[in-house]
Amino acid sequence: VKDTKKFFKRSDLARKEQDDYFRRCGYKEDEPSTSSNPVLELELTEEKLPMTLSRQEVIRRLRERGEPIRLFGESDYDAFQRLRKIEILTPEVNKGLRNDLKAAMDKIDQQYLNEIVGGTESGELDTQHDLKVHEENTTIEELEALGKTLGTGDDDGDQDVIDKFLRFLLGVWAKDLNSREDHVKRSVQGKLASATHSQTESYLKPLFRKLRKKSLPADIKESITDIIKFMLEREYVKANDAYLQMAIGNAPWPIGVTMVGIHARTGREKIFSKHVAHVLNDETQRKYIQGLKRLMTICQKHFPTDPSKCVEYNAL
């Protein structure tokens with residue numbers, strides 16, 4: 001406060017005290033940003049990039065996001081730049097709930113329709129629409145030997161064994177479907193079986209990605225390790241119990257309630273991530289856990305054991 005004044009306002013005194021405090025603490029105020037609008041900042045910093053997408057692809061992506069495909073006086077390049085800004089500012093697109101099985105069946109129907117329209121030679125009919133088989137160059141005996149090392153503390157080794165075994169089962173399933181007669185493949189049940197395999201493969205892609213990057217969460221990895229170990233030992237009842245333990249759990253609140261009252265209770269420490277249903281956590285986890293259950297069924301079908309160790313023996 002200036003000394004020439006015989007009076008001062010309380011707000012001036014408070015501001016002066018605040019400035020003195022900041023100066024003693026070495027605090028420096030950040031300079032205000034030149035622009036608070038990210039769109040304007042993007043326009044100022046953007047470069048004249050070449051148009052890397054076709055006009056049809058630009059139209060498709062704009063329609064997916066509910067945006068107009070062309071504004072008044074806008075060129076194709078301007079529409080591409082507008083799409084680029086939209087994708088940077090709002091990268092996620094809400095596509096809603098999708099029927100993956102129907103999409104897989106539509107894809108198979110489209111393949112047969114293309115065959116009818118285009119025409120193929122008789123020798124190509126049996127193999128043209130076969131499912132893709134990933135050759136793992138391994139046998140069930142080698143995998144059973146590797147399964148004895150599961151759960152011994154080597155997390156990276158466990159994830160490698162899980163990845164190999166699941167891919168091996170997908171290959172066995174695909175070879176079995178490819179060996180069917182052509183009229184069986186074209187039937188409704190045949191198309192449904194092929195679509196189920198394609199859907200399962202797409203469901204398991206996030207799991208394979210986590211296994212490859214060694215980034216699978218520890219609690220889920222522990223449960224999947226137990227499931228794979230029991231499957232390699234052909235203890236399918238125990239594998240099914242481990243699956244239910246992972247998917248549903250045995251907690252009194254399996255959907256994730258962690259505070260059931262205002263007072264702490266003695267059994268509250270039992271409510272943590274291992275006792276919460278992972279199948280309900282998010283859509284991606286639900287899908288690859290469902291795909292894992294399908295592979296458990298395929299494993300029991302192709303590598304049978306005693307009826308007492310099987311789930312619903314002779315029901316497959």
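User: How does Asp78 count by relative accessibility: buried, partly exposed or exposed?

Analyst: The structure is a predicted model, in which local features need pLDDT of at least 70 and side-chain atom pairs count only at pLDDT 80 or more, while totals for chains, interfaces and linings use all residues. Residues are numbered from 1 along each chain as its sequence is written, and side-chain values use heavy atoms, with hydrogens and water left out. Buried means under 20% relative accessible area, exposed over 50% and partly exposed in between, with a 1.4 Å probe and protein chains only. Asp78 has 36% relative accessibility, so the residue is partly exposed.

User: How far apart in space are Asp78 and Met51?

Analyst: Asp78 is found in helix H4, residues 76-89; helices (H or I, at least four residues) and strands (E, at least two) are DSSP runs, numbered from the N terminus. In sequence, Asp78 and Met51 are separated by 27 residues. From C-alpha to C-alpha, the separation in space is 9.6 Å.

User: How many helices does the protein chain have?

Analyst: Read along the sequence, the pattern is α-α-α-α-α-α-α-α-α-α-α-α-α. The strand count is zero, and the helix count is 13.

User: Which residues does Arg55 contact, leaving aside neighbours within four places in sequence?

Analyst: Arg55 lies in helix H3, residues 55-64. The residue counts as buried because its relative accessibility is 15%. With contact taken as heavy atoms within 4.5 Å, the partners of Arg55 outside those neighbours are Ile69, Arg70, Asp76 and Ala79.

User: Among contacts between residues at least 6 apart in sequence, what share joins residues at least 24 apart?

Analyst: The protein chain has 316 residues, of which 32% count as buried. For contacts between residues at least 6 apart in sequence, the share that joins residues at least 24 apart is 68%.

User: Which residues are joined with Arg60 in one salt-bridge network?

Analyst: A salt bridge is a side-chain nitrogen of Lys or Arg within 4 Å of a carboxyl oxygen of Asp or Glu. Arg60 is bridged to Glu57 at 2.6 Å between the closest N and O atoms, and both residues lie in helix H3, three residues apart, about one turn of the helix. Arg60 is partly exposed because its relative accessible area is 39%. Salt bridges with shared partners join Arg60 into one network with Glu57, Arg61, Glu64 and Glu87.

User: How many residues separate Lys221 and Asp155 in sequence?

Analyst: Lys221 is buried at a relative accessible area of 9%, whereas Asp155 is partly exposed at 40%. Their side chains meet in a salt bridge with an N to O distance of 3.4 Å. This pair links distant parts of the chain, with Lys221 in helix H11 and Asp155 in helix H8 (residues 155-178), at a sequence separation of 66 residues.

User: Which residue forms a salt bridge with Lys309?

Analyst: Side chains of opposite charge can pair when their charged atoms come close. For Lys309, which is partly exposed at 28% relative accessibility, the N to O distance in the bridge is 3.5 Å, and the partner is Glu235.

User: Where in the chain does Glu235 lie?

Analyst: Glu235 counts as buried because its relative accessibility is 18%. The salt bridge with Lys309 links distant parts of the chain, 74 residues apart: Lys309 is in the segment after helix H13 (283-302), and Glu235 is in the loop between H11 and H12.

User: What is the phi value of Arg234?

Analyst: Arg234 is placed in the loop between H11 and helix H12 (236-247). With a relative accessible area of 25%, Arg234 is partly exposed. Its phi is positive, in a residue other than glycine, and is near 60°.

User: What is the phi value of Lys214?

Analyst: The loop between H10 and helix H11 (218-232) holds Lys214. Lys214 counts as partly exposed because its relative accessibility is 32%. Phi is again positive in a residue other than glycine, and for Lys214 the value is near 55°.

User: Which helix gives the most to the positive surface patch?

Analyst: Patches are made of residues with over 30% relative accessible area and no salt bridge, like charges being joined within 9 Å and nonpolar side chains (Val, Leu, Ile, Met, Phe, Trp, Tyr) within 5 Å. The positive patch is formed by Lys107, Lys205, Arg209, Arg212 and Lys213. Arg212 is exposed, with a relative accessible area of 53%. Three residues of the patch come from the helix that gives the most, residues 188-212, which is H10.

Key: Accessible areas come from the Shrake-Rupley method with a 1.4 Å probe; for residues, only the protein chains shown count as cover. Lys and Arg count as positive and Asp and Glu as negative; His and the chain ends are not counted. The place of a charge is taken as NZ of Lys, CZ of Arg, CG of Asp or CD of Glu.
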